[in-house]
Number of protein chains: 2
Amino acid sequence: MNLENIVSPTLILDKKKCLNNIRLMAEKAKKHNLIFRPHFKTHQSRIIGRWFKKFGVDKITVSSLQMAEYFSNDDWKDITVAFPVNIREIETINSLAEETQLNLTLENVESVEFLSKELKFEVGFFIKIDTGYGRTGVSFDIFLLIDKILKSSSTCNKLVFKGFLSHSGHAYNAKDTTEIIDIHKDAIHKLTLLKQQYIDKYPELIMSIGDTPTCSLADDFSEINEIRPGNFIFYDLMQNKLGSCNFNQIATVLACPVVAKHKDRKEIIIHGGGIHFSKDFLRIEDKKVFGKLVLLNKKGWEETEQDFYLTKLSQEHGTLQVTSDLFNEINIGGLIGIIPVHACLTANLMKDYLSTDDEIIDHFSGK
Amino acid sequence: MNLENIVSPTLILDKKKCLNNIRLMAEKAKKHNLIFRPHFKTHQSRIIGRWFKKFGVDKITVSSLQMAEYFSNDDWKDITVAFPVNIREIETINSLAEETQLNLTLENVESVEFLSKELKFEVGFFIKIDTGYGRTGVSFDIFLLIDKILKSSSTCNKLVFKGFLSHSGHAYNAKDTTEIIDIHKDAIHKLTLLKQQYIDKYPELIMSIGDTPTCSLADDFSEINEIRPGNFIFYDLMQNKLGSCNFNQIATVLACPVVAKHKDRKEIIIHGGGIHFSKDFLRIEDKKVFGKLVLLNKKGWEETEQDFYLTKLSQEHGTLQVTSDLFNEINIGGLIGIIPVHACLTANLMKDYLSTDDEIIDHFSGK
């Protein structure tokens with residue numbers, strides 16, 4: 001990697017680490033007889049998308065119809081939009097459904113009734129199930145509403161029921177890996193009850209789960225048929241703190257120029273702010289943390305002996321406090337690396353990547 | 001405004017409100033005999049930039065060299081980059097300096113020495129002064145370092161000293177408008193001492209200040225020569241809570257499709273998340289708040305009688321809790337408006353605007 005060519009904040013990607021992260025998840029899916037339908041909202045990149053193909057992946061997840069169009073244009077033919085359908089986008093739904101196996105996520109009768117009238121091509125659909133996160137979805141035990149959705153959709157031959165889809169987003173609030181596994185077990189228990197209720201009528205029912213912490217840590221998927229993790233390809237500081245990955249699995253780092261130093265406060269100011277990292281943060285030892293310092297080298301990056309964090313962030317500036325020794329080693333005009341707290345949001349802001357092999361890698365430019 | 005045409009999250013802009021916000025600030029600058037050098041990092045738009053010209057603005061502020069290039073390409077000829085110079089970008093500095101009156105921000109001798117060797121064209125420079133924010137800049141009373149920078153720069157005929165530049169970012173943490181004014185008075189006091197020290201040697205010295213809260217609220221600028229507010233053109237929920245503007249001055253709102261409703265929790269789920277709003281938040285009544293609900297109409301938007309806030313935000317989803325009455329009025333597939341907490345970051349993510357006159361307005365696509 002030619003660090004001399006980096007003049008402004010640049011998102012660096014270690015392809016080997018990405019491939020290893022994909023391989024591990026693909027092997028886990030195979031071992032447990034699961035459909036591996038990775039979420040592409042993390043990388044949002046056609047080039048990175050193609051890396052999955054050599055691991056046998058031909059089904060993907062995205063979070064918006066615009067992202068579905070982007071990947072459909074790169075010849076992905078089986079795409080689930082894991083976000084409650086936005087019926088205002090019916091034109092895009094119809095144009096995508098003509099070209100691909102498009103799967104929508106539904107959770108209310110109003111959307112089903114609208115789609116029944118307006119769909120021009122066949123789409124699959126998953127019913128979004130809430131297993132405890134409390135954000136979206138029908139609670140796993142409200143069979144009455146699930147039955148209503150199924151009944152309403154059954155009058156439309158363009159709506160094909162695929163199964164139930166959930167996302168244990170509350171795993172991100174877990175205090176340790178034991179709690180993540182407990183959340184996973186609880187979700188599996190609830191989804192199993194749901195499956196038992198509907199499997200006779202729908203023998204090809206797919207039970208689909210999605211978050212990176214549980215998919216990384218769990219080793220029992222029981223009645224689950226499909227996994228949709230996304231972040232695992234890059235991981236990040238948040239996942240590392242949750243215990244989903246070890247530090248060496250993290251595959252992205254933001255290279256940031258050093259623009260100022262304040263000796264009295266032992267503070268380093270970098271070009272790298274909210275418009276690069278996002279403002280997502282972790283709390284570490286009662287401090288807001290926006291990223292972690294690493295030292296860049298020709299091959300990638302390495303950890304410092306002691307941990308140093310990005311603790312202040314404005315629109316363009318980032319601030320780190322370090323020891324005197326490190327303060328003296330870091331020069332104005334130098335480059336330091338910062339492991340992002342939340343790689344998905346950082347990649348979404350940075351838009352493209354520079355690989356450690358000096359390759360520029362694309363990122364979807366829309367929203 | 002044709003709301004029917006809005007199908008996905010869209011940043012709406014009220015041009016009349018923007019023009020009024022510009023007019024008020026331009027009049028204030030004129031009244032106090034101040035150079036009005038607005039910060040264009042808020043809107044990052046060539047079209048909006050041109051609106052300033054009719055108020056006599058011909059000098060602007062930006063936060064990166066890439067943004068300087070974007071506006072230089074639209075014929076802005078006097079541009080201050082209010083961010084500590086990143087010497088790795090020397091090529092861009094030289095190419096911009098050939099075309100425009102480029103003003104850099106310096107705060108250390110290392111950068112001066114580097115520029116002295118590498119500059120090919122004349123640039124102006126401001127020394128960044130810290131009046132209490134504690135982020136960047138030389139403390140207002142460390143004359144020793146200021147003298148070193150001035151001495152070092154004096155050996156290079158391409159470095160022209162313009163003055164001192166400060167940003168009272170700590171005004172954003174003020175608990176009320178009295179505290180904002182106190183911060184402003186304190187900054188003016190410190191900058192006046194500094195001016196007295198250097199005015200004899202540099203009779204054309206410019207004292208430049210920058211934040212929207214103090215520029216909006218203060219009515220005494222004493223020894224100050226230039227103001228660089230940016231956010232005031234849009235304002236936002238944060239500025240409204242600080243007291244910098246009234247609610248009707250806020251000029252942007254994000255139109256968001258309603259994708260789900262949860263009656264048991266009286267929660268509305270919108271398409272509108274961290275990739276649209278950013279994750280900046282305010283605390284209101286001990287809750288994290290990411291935006292405020294307004295009702296959209298053909299002319300723009302109006303407040304609800306009671307206040308409702310966007311209190312949960314993930315990558316694509318936003319959640320609001322409302323009353324039963326409002327819950328029943330808002331339909332799946334409908335549109336609601338959300339006033340952003342921090343308009344600069346929201347505009348930076350959304351990239352373009354739709355005016356209430358149905359005009360699409362550009363936004364710089366880089367970083």
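Okay, let's start with how chain A is split up: there's domain 1, covering 3-11 + 246-361, and domain 2, covering 15-234. Before I go on, keep in mind that this is a predicted model. Between the C-alpha centres of those two domains of chain A you've got 33 Å.

So where do they touch? On the domain 1 side of chain A, 11 residues are in contact, and they meet 14 residues of domain 2. Helix α12 of chain A, residues 343-350, gives the largest share of that domain 1 side, with 4 residues. If you sort the domain 1 side by class, you get 5 nonpolar, 5 polar and 1 charged.

Now over to chain B, and a strand I'd like you to look at: β8, residues 159-166. Is it enclosed or open? Of its 8 residues, 7 are buried, so β8 of chain B is largely enclosed by the rest of the structure. It has a parallel partner in strand β6 of chain B, residues 123-130, and 7 bridges join the two. If you want one pair to click on, B:Phe125 has B:Phe161 in β8(B) as its bridge partner.

β8(B) also pairs with strand β9 of chain B, residues 206-209, again parallel, over 3 bridges. There, B:Leu165 sits opposite B:Ser208 of β9(B). To get from β8(B) to β9(B), the chain goes through helix α7 of chain B, residues 177-198, and that β-α-β crossover is right-handed.

Let's go back to chain A and pick up Phe161. A:Phe161 is in strand β8 of chain A, residues 159-166. Buried or exposed? A:Phe161 has 20 other C-beta atoms within 10 Å, and 20 or more is the cut-off, so it counts as buried. What does it touch, if we skip neighbours within four places in sequence? A:Phe161 is in contact with A:Phe125, A:Leu150, A:Ser153 and A:Tyr202. And for a C-alpha distance, A:Phe161 and A:Gly124 are 5.8 Å apart in space, with their positions 37 residues apart in sequence.

Another phenylalanine to look at is A:Phe281, in the loop between α10 (274-277) and β13 (282-284) of chain A. With 21 other C-beta atoms within 10 Å, A:Phe281 is buried. Beyond four places in sequence, A:Phe281 touches A:Lys288, A:Val289, A:Phe290 and A:Val341. Compare that with A:Arg37: A:Phe281 and A:Arg37 are 244 residues apart in sequence and 28 Å apart in space, C-alpha to C-alpha.

Last part, the two chains together. Chain B superposes on chain A by a rotation of 180 degrees with 0.0 Å of shift along the axis, at an RMSD of 0.0 Å. That's the relation of a two-fold axis. Which residue of chain B comes closest to the rotation axis? That's B:Lys279, with its C-alpha at 2.7 Å. The same surface serves both copies, too: 100% of the contact residues of chain B recur in chain A.

In numbers, 44 residues of chain B are in contact with 44 residues of chain A. Several elements of chain B each supply at least two residues of that side, among them β4 (78-84), α5 (109-118), β18 (317-321) and α12 (343-350). The largest share on the chain B side, 4 residues, comes from β11(B). And by class, the chain B side divides into 15 nonpolar, 18 polar and 11 charged. That's it from me, happy to rotate the view if anyone wants another look.

How values were computed: Residues are numbered from 1 along each chain as its sequence is written. Chains are lettered from A and ligands numbered from 1 in the order in which they are written. This is a predicted model: local features need pLDDT of at least 70, side-chain atom pairs count only at pLDDT 80 or more; totals for chains, interfaces and linings use all residues. Domain bounds come from an automatic or database domain assignment. Two residues are in contact if their C-beta atoms, placed from the backbone, lie within 7 Å. Ala, Val, Leu, Ile, Met, Phe, Trp, Tyr, Cys and Pro count as nonpolar, Asp, Glu, Lys and Arg as charged, and the others, Gly among them, as polar. A residue is buried if 20 or more other C-beta atoms lie within 10 Å of its own, exposed if 12 or fewer, and partly exposed in between; C-beta atoms are placed from the backbone. Two strands pair if DSSP finds at least two bridges between them. A crossover is right-handed if, with the strands pointing away from the viewer, the path from the first strand over the helix to the second runs clockwise. Copies are superposed by least squares on the C-alpha atoms of residues with pLDDT of at least 70 in both.
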